[in-house]
Amino acid sequence: MLGNILESLSLTEWKKKKDILKQLDFQISERSFRKLVEQNNKLFGQGKVDYYIAHSCRGYKKTFNWEEMQKSIADNRKRAITMLIDCSKAEKAFQNRNQVKMEDIYE
């Protein structure tokens, strides 16, 4: 499956996910597609595949250009930080709600 995805990508042109999924000979969910991209990029980091799959608002493309990889990695980092902040806020809200309930019990 990963090979088919790499074949559908270009080194020069960005392609939207929906277009990539339409072009494949088999059905694959968006989640599975993202997992395969993640798997490819881990293999790239291990030196086992030749191309990194970069993403941007323009879509996806395979690359070995460091600047394109950096932008894609920076976006991943930004998303991760945002998710951690959201998790922290949810945990604090949960703790505050439970603290209020515990105070109500003892009053």
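This is a short tour of the structure, stop by stop, with something to select each time. Keep in mind that you're looking at a predicted model.

**Stop 1: the two strands**

Start by selecting residues 52-56, which make up strand β1, and then add residues 59-63, which make up strand β2. The two strands run antiparallel, and five bridges join them. Together β1 and β2 form a hairpin, with two residues between them. Want to see the pairing for yourself? Pick Ser56 and look across to β2, where its bridge partner is Gly59. Now go to Tyr52, whose bridge partner in β2 is Thr63.

How covered are these strands? In β1, four of the five residues are buried. In β2, five of its five residues are buried.

**Stop 2: Lys61**

Stay in strand β2 and click on Lys61. Is Lys61 buried or exposed? Its relative accessible area is 4%, so Lys61 counts as buried. Next, show what surrounds Lys61. Leaving out residues up to four places away in sequence, Lys61 touches Tyr52, Ile53 and Ala54, and also Glu68. Its other contacts on that count are Leu9, Ser10, Leu11, Thr12, Glu13 and Trp14. For a distance to try in your viewer, go from Lys61 to Ser8: these two are 53 residues apart along the chain, yet their C-alpha atoms are separated by 9.0 Å.

**Stop 3: the nonpolar core**

Now select Ile5, Leu9, Ile28, Phe33, Ile53 and Tyr60. The largest nonpolar core has 13 residues, and these six touch the most other members. The elements that give two or more residues to this core are α1 (2-8), α2 (17-23) and α3.

Zoom in on Phe33. Which residues is Phe33 in contact with, once you leave aside neighbours within four places in sequence? You should find Ile5, Lys17, Ile20, Leu21, Ile28 and Tyr60.

**Stop 4: Val37**

Move on to Val37, which sits in helix α3. Val37 counts as buried because its relative accessibility is 8%, and the cut-off for buried is under 20%. Not counting residues up to four places away in sequence, Val37 touches Ile53 and Tyr60. Draw a line between the C-alpha atoms of Val37 and Ile53: they are separated by 6.4 Å, although the two residues are 16 apart along the chain.

**Stop 5: the largest pocket**

Turn on a surface view if you have one. The largest pocket has a volume of about 550 Å³. It is lined by 21 residues, and the closest to its centre are Arg34, Val37, His55, Tyr60 and Asn76, so select those five to find your way there. The elements that give two or more residues to the lining are α3 (30-45), β1, β2 and α4 (66-106). Which element gives the most? That's α3, with seven residues. Try colouring the lining by class: you'll get five nonpolar, six polar and 10 charged residues.

**Stop 6: Gln27**

For the last stop, select Gln27, in the loop between α2 and α3. Gln27 is exposed, with a relative accessible area of 79%. Finish with one more distance, from Gln27 to Asn40. The two are 13 residues apart along the chain, and their C-alpha atoms are separated by 19 Å.

Methods:
Residues are numbered from 1 along each chain as its sequence is written. This is a predicted model: local features need pLDDT of at least 70, side-chain atom pairs count only at pLDDT 80 or more; totals for chains, interfaces and linings use all residues. Side-chain values use heavy atoms; hydrogens and water are left out. Buried means under 20% relative accessible area, exposed over 50%, partly exposed in between (1.4 Å probe, protein chains only). Two strands pair if DSSP finds at least two bridges between them. On a 1 Å grid over the protein atoms alone, a cavity is a set of points where a 1.4 Å probe fits but cannot get out, and a pocket is an open set with protein on both sides within 12 Å along at least five of seven lines; lining residues have an atom within 4 Å of a point. Grid points are joined across faces, edges and corners, and a volume is the space filled by probe spheres set on the points. Ala, Val, Leu, Ile, Met, Phe, Trp, Tyr, Cys and Pro count as nonpolar, Asp, Glu, Lys and Arg as charged, and the others, Gly among them, as polar. A nonpolar core is a set of buried Ala, Val, Leu, Ile, Met, Phe, Trp, Tyr and Cys residues joined through side-chain atoms within 4.5 Å. Contact means heavy atoms within 4.5 Å.
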